[in-house]
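Hello,

Here is the structure I said I would pass on. Please look it over first; my notes on what turned up follow below.

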Amino acid sequence: MATPTAAVNALTQEHIRRFFETHLGPLPYRDQVSTRCKFHDDHSPSLSIHLEKGVWKCHAGCGGGGLLDFQLKLTPGADRQTACRLVNEACGANVFGGRQPEAIYHYTDAQGLPLFQKLRYRDQSGEKYFIYRHWTPEGYVKGADGIAKPLYNLPAVLTANEIFVTEGEKNADDLLRALGPVVQEQDEVHVAVTTSHAGAGCWSEDYNPYFLDKRVVILADNDKPGRQHAQQVAAALYPIASGVKIVDLSGLEEGGDVSDYLNAHTVTDLLDEARNTKLWRPASSVPVWRTAFKSYEQLDEGELEFLIDKVVPHGITFFGGLSGVGKTWFALSAVKAIIGGQNFLRKFRVPHPLSVIYLVPEAGERAFRCRLQAMKLTVPEDQLLCRPMGGEATLSLTSPELLEAIRTLKPVVVLDTAIRFSTAEDENSSAQNQKLANEMFGLLSAGAKGILAIHHSAKNATKDGPPTLENTLRGTGDLGAIADSVYNLRCEDMRTLTVNIECVKSRDFEPPAPFQIQGRPYIDQLGDFVLVAQPTDEELVVKAICEAPNANVREIAAATRISVNRVTKIANSVGWKKDGKIWVQDSAIVQ
């Protein structure tokens, strides 16, 4: 890591002696003296001071360096400017004048022992330049010719299993500071950030073995030399690393780097961009048509990702039901859980908190605000932004403002209701509604983590039997076809806002069992729905038999969503059996 320092100007041996005697007491009149160290309980002199060169070293392990190093160790809470002032006062002269380095970058060997320092300065025009100095037993001496030039932060590189490569030490330090709190929470991920000492275009093959079987993320500067350097490093590490990515950070101006990115984004944004970047592979002379397809090896790997675990996957989810059944309240309950990273309905886990953009052209500002207050969703703007009905027209799903907000926030987008964003004259027309489907996919391509779309059911939906995909979403079946999950909402009691929820489509995951929620009085009291206790499998089977004594086992299984074998086992365990076509218990025919 870099440390600040100051350049020594016109420093005499008398100044040096006065400084050390201020802190250590009288010293013998020799060029080199030994005395007891001030930084540990020293019973025999272990501190060596070279009064001519102005360097010191504790042989018991407290460190060493020059006057400023001594002062910084003596007053660890002091910043560089304060430490320089204290040195000047102790010396009795303005010994720290002239141009000072902006930062000093320390390079060590694999054991962490010092090798050289790289000092960053700026001239009068603002252009940066560097000066090197190497370590000697007496301290650092200007110049580093003939000194080994390892990777920056080499000891950390040796123990890491994931390595970020930047262009320059400042970028490495800024990223490492930002990553600190994040990587501390990951027990199995050991992260290092490194760079080569000479900048773009200077990658040594001596560095390559340190990356054997490790994941590598290269953060390129946004200019031609930076992009070429990233390609050079990737090509060097591709044969030996377990995976290499080149991340082109979004939103950087020409010449921008990872430090600029972190000034405008969070480190979580950076990690998301790295996670979503494809593995780098060398360019090859493949036919143009081949680039339009992927092999098995090129497909993304990993488990299905969820906004709400095992309930709402990344992608498009519809909540369908008749008007007034509580679809918006249910969506706001999901939003509350997603924003806060808390369990949905106190049961279903939310893996990661996300921001939300809620588009609700059917509700006025005051009405929607009242709903947010009732759900205790009075949260900061970086967590929830909304667009209710007002003097402005409904925001198009292709509007530049919406797409830029999505690219910046990477949010979940709520469409309440989805049909308000369709220009179709006939909602049953597949061709006319294809535009809405494409625009929803466009939101995902822009960076939305998921879309919660509220849609109406047909008016006769409850007369069409149990919930199905077809009777949950009104209009063309294309909406159901594009969805990753669809939930049917049916209100059982309007007075208490008791709603039955059932998943009627789940793409590539096992849906949750149907459940029931109650809104009143809990929304007023707690700011959310509560789950109503669910009947046991035994209760479901007995209820289904009593309601349909002529039903066969498969019909009971379909009605209860319990397997045929388990229905038979439960029925037998509670004394029910088939007597011809009728279920009986204890020889009494159930009519």
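**The nine-stranded sheet and the cores**

The sheet is open and has nine strands, in the order 18-17-19-20-16-21-22-23-24, with mixed pairing. At its edges lie strand 18 (384–389) and strand 24 (530–532), each of which pairs on one side only. On average, neighbouring strands of this sheet are turned by 25° against each other, with direction ignored. Please keep in mind that this is a predicted model.

One pairing in more detail: strand 17 (residues 356–364) runs parallel to strand 19 (residues 412–416), and four bridges join the two. Within this region, I357 sits opposite V413 of strand 19. Helix 10 (residues 365–374) lies across strand 17 and strand 18, and its direction makes an angle of about 130° with strand 17.

As for the nonpolar cores, the largest contains 45 residues, and I308 and Y358 have the most contacts inside it. Helix 9 (residues 327–340) supplies the largest share of this core, with nine residues. Leaving aside residues up to four places away in sequence, I308 touches A334, I338, F344, F348, R349, V350 and P351. Another core, of 26 residues, lies apart from the largest one; F318, F421, A448 and A483 are among its members. Such grouping is a general tendency: in soluble globular proteins, nonpolar side chains tend to be buried together.

If you want a place to start, display strand 17 with its partner strand 19, then turn to I308 and the residues it touches.

Regards

Methods: Residues are numbered from 1 along each chain as its sequence is written. This is a predicted model: local features need pLDDT of at least 70, side-chain atom pairs count only at pLDDT 80 or more; totals for chains, interfaces and linings use all residues. Side-chain values use heavy atoms; hydrogens and water are left out. Two strands pair if DSSP finds at least two bridges between them. Axes are lines fitted to C-alpha atoms, for helices over the stretch in contact, and angles run from 0 to 180 degrees between N-to-C directions. Contact means heavy atoms within 4.5 Å. A nonpolar core is a set of buried Ala, Val, Leu, Ile, Met, Phe, Trp, Tyr and Cys residues joined through side-chain atoms within 4.5 Å. Buried means under 20% relative accessible area, exposed over 50%, partly exposed in between (1.4 Å probe, protein chains only).
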